[in-house]
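Trainee: Could you walk me through the empty spaces in this one? I'd like to know what the words mean as we go.

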Amino acid sequence: MIMKTTRALVLVIDDNDDEVFITRTVLSRIDPEISTAIATSGEQGLEFLRKSETPPSLILLDLKMPGMGGIDFLRFIRADNRLHSLPVIVVTNSTLEADERESLEAGASSFLRKASTIDQFQEDIAASLGKWLKNNKPRP
Amino acid sequence: MGKTPKKKTSSAVKPKAKKSTQSVKSQVRQSQSRKDLLMEIGDLHLRLDEAMETLNAIRSGEVDAMVVSGPKGEQVYMLKGAEQPYRILVESMNEGALSLMEDSTIISCNRAFSDMAGITGGMLIGRSFKEFVAGEDADKYNVFWKQAKDCETRAELGLSFSGRAVPALISACARIIEGESRIFLVVTDISERKKTEAELTRYREHLEEIVAEQTKELRRRTGELDALNKELEAFVYSVSHDLRAPLRVMEGFAKIVTETYADKLDAEGKNYLARIRFSSEQMSHLIEDLLRLSRISRQAIRTMRCDLSSIASSVMRGLCQADPARNIEVVIEEGISADVDLDLMKIAISNLLSNAWKFTSTAEKASIEFGRVNQEGKAVYFVRDNGVGFDQTYANKMFLPFQRLHAEKEFEGTGIGLSIVERIIRRHGGRIWAEGEVGKGATVYFTLD
């Protein structure tokens, strides 16, 4: 787990190092002041949430991970009193409608298909941050 | 017989009174006095009575002979003599014929029955018919026998001759002969019919077996298909998720390298990285198109009345807005509607018009048309353009996935668009084909039923 200290904290839960790297690159390009925390599985994400005093402003969640996947993670935190209202955006390579449906049913705030280019991906993430980080509006 | 039965039997109409052929001749002659006439009337009455008596006697089988007046004079017909033709008839019958006493004792039987029994006629006389009835049908026989004494009746009974089973249809009638009750039986061997029936039953059972087997096979195949579908879904998921991910990473890192090491890269290096990015992006598009194609094949169709003209208009509006610089003449026939799946039809029409849009990009005065014609009473829809066209030799190839009739450099696209259209049309039960000529445009036709 890597953690930077600044205002807005985004927790990225994704098991793929490369994807995580790209997501962090994109986040820092959108707003260099955003700090990111990384978890590589649902369990790690939960552990992070348990230990941290203040919850993150936003979670970017992958679906397919070894161990606890995205859907189970969502169900877990939606049932938790302290965390149930946390904005969680499912960010995935999956193009299946079934995954989107299941994610929203499990309590995802929104569902984002990873675009095939990094530029488009950055635009999409920026739009999502704009929508969910109301207190810490990122500069585009 | 055109003769008048004239005279009678043994005087007292006694059964078996032999050959009493004395005829009463009334010879009406002259001397027509009143007295004579009265006598004659009396005589005629007597003769009429006798005639009626004779007739009844014949009917009841009590008569032996009668005298018939004919042109050749009077002739005596021996009723006893009539037995012979009947005997011949009975003997030549295919059915068994028997006469029995009230207690089932056989008095006489014909050859057919002795053949059936495999016992000579003489050996059958005196035996009880009951002993030839199969044990399991004994009760049935008792009921039948009781009925037979009262009225003509028939029944199917199993007979058994030294263990050889013969299914039989038995008709019975009872008569009083010489004061004795006699039962007459006609026995028809129905082995053949039973065999045919059994065969039919076997066929029917076999048919049921076949149907059951085929149902089983169908179930097995359905199960197999379900399993295959699940496998396909897993595959599609894998394609959709796992194959896209590394491509994104390649593209992302190429971009990051381009930017992060911008000062260290010369133009050639940047160009190579751009090519990596372009190719991975292309592959991502291919995967997405492939997924779309598979989705269209599996998606359920819900048809309703749709206005194809307005779908075409809205697609064209979208294209024109995206590229307002293009100078295009658009002709869309009004009021074309059909029973289609709206979502799929939007995809199909959008693909066809986008193709027309794309392939007219080099035309000076481009024109795109959507319309309908009638061919052999069937509605045929078409999208026509005056773009680059194609070589008619390859007209069928253009509906295959990833088939391109133009170089990628000339016109972008993955080559899957028309396959998607073809699948949509096919799923509507329609047909699609194209006509074109290089440099003179193309027309894609389709039907919807």
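Mentor: Sure: the largest cavity holds about 50 Å³ of space. This is a predicted model, where local features need pLDDT of at least 70, side-chain atom pairs count only at pLDDT 80 or more, and totals for chains, interfaces and linings use all residues. Residues are numbered from 1 along each chain as its sequence is written, chains are lettered from A and ligands numbered from 1 in the order in which they are written, and side-chain values use heavy atoms, with hydrogens and water left out.

Trainee: What makes a space a cavity?

Mentor: On a 1 Å grid over the protein atoms alone, a cavity is a set of points where a 1.4 Å probe fits but cannot get out, and lining residues have an atom within 4 Å of a point. The volume is the space filled by probe spheres set on the points, which are joined across faces, edges and corners. Searching the whole structure for cavities of 30 Å³ or more gives 1.

Trainee: Which residues line the largest cavity?

Mentor: Among them are A:Val12, A:Asp14, A:Leu60, A:Lys114 and A:Phe121.

Trainee: How do you know which of the lining residues count as nonpolar, polar or charged?

Mentor: Ala, Val, Leu, Ile, Met, Phe, Trp, Tyr, Cys and Pro count as nonpolar, Asp, Glu, Lys and Arg as charged, and the others, Gly among them, as polar. So the lining of the largest cavity comes out as 6 nonpolar, 1 polar and 3 charged residues.

Trainee: And what is the volume of the second largest pocket?

Mentor: About 1,200 Å³. A pocket is an open set with protein on both sides within 12 Å along at least five of seven lines. Its lining has 40 residues, with B:Asn355 and B:Glu412 among those nearest the centre.
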